[in-house]
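User: I should like to go through this structure by question and answer. Please begin with the terms required.

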Amino acid sequence: MRFERITVDPNVCTGKPCIRGLRLPVSRILGLLASGETRESILKAYPYLESEDIEESLRYAAYLSEDETGVK
């Protein structure tokens, strides 16, 4: 699966997956959603984000959750 809006650069946020090379980790977006923030409130708090960034963050999380971890 390809992710156009998620980048990994060792020089940005210590290599954590980020939104479009910005210093905003995908984990931050997911954490905000998990804590009950709405998409609208996230977009308002981070005006440089686009709705598609949030959508791709969720797709990325779903993709990673399907990875086998060996836990039974």
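Analyst: Contact means that heavy atoms lie within 4.5 Å. The model is a predicted one: local features need pLDDT of at least 70, side-chain atom pairs count only at pLDDT 80 or more, and totals for chains, interfaces and linings use all residues. Residues are numbered from 1 along each chain as its sequence is written, and side-chain values use heavy atoms, with hydrogens and water left out.

User: Which residues is isoleucine 19 in contact with, leaving aside its neighbours within four places in sequence?

Analyst: Isoleucine 19 belongs to the largest nonpolar core. Such a core is a set of buried Ala, Val, Leu, Ile, Met, Phe, Trp, Tyr and Cys residues joined through side-chain atoms within 4.5 Å. With neighbours within four places in sequence left aside, the contacts of isoleucine 19 are Arg5, Leu24, Val26, Ile29, Leu49, Asp53 and Ser57.

User: Which helix supplies the largest share of the largest nonpolar core?

Analyst: The core has 12 residues: Phe3, Ile6, Ile19, Leu24, Val26, Ile29, Leu32, Ile42, Tyr46, Leu49, Ile54 and Tyr60. At least two of these residues come from each of helix 1 (26-34) and helix 3 (51-65). The largest share, three residues, comes from helix 1. In soluble globular proteins, nonpolar side chains tend to be buried together.

User: In what pattern do the helices and strands follow one another along the sequence?

Analyst: Helices (H or I, at least four residues) and strands (E, at least two) are DSSP runs, numbered from the N terminus. The chain contains three helices and two strands. Read along the sequence, their pattern is β-β-α-α-α.

User: What percentage of the residues of the chain count as buried?

Analyst: Buried means under 20% relative accessible area and exposed over 50%, with partly exposed in between (1.4 Å probe, protein chains only). Cysteine 18, with a relative accessible area of 1%, is a buried residue. Of the 72 residues of the chain, the buried portion is 26%.

User: Why does the structure hold zero disulfides, and how far is the sulfur of cysteine 13 from the closest cysteine sulfur?

Analyst: A disulfide is a pair of cysteine sulfur atoms within 2.5 Å. Cysteine 13 is partly exposed, at 21% relative accessible area. The structure holds zero disulfides. The closest cysteine sulfur to that of cysteine 13 is in cysteine 18, and the pair is too far apart for a bond because the distance is 3.8 Å.

User: Which residues does arginine 39 touch, not counting residues up to four places away in sequence?

Analyst: Arginine 39 is found in helix 2 (residues 39-45) and counts as partly exposed, at 31% relative accessibility. Its C-alpha is 17 Å in space from that of alanine 62, and the two are 23 residues apart in sequence. Not counting residues up to four places away in sequence, arginine 39 touches Leu33, Ile54, Glu55 and Leu58.

User: Which residues does leucine 22 touch, again not counting residues up to four places away in sequence?

Analyst: Leucine 22 lies in the loop between strand 2 (18-19) and helix 1. Its relative accessible area is 27%, so leucine 22 is partly exposed. Glutamate 4 is 18 residues from leucine 22 in sequence and 13 Å from it in space, C-alpha to C-alpha. With residues up to four places away not counted, leucine 22 touches Val12 and Tyr48.
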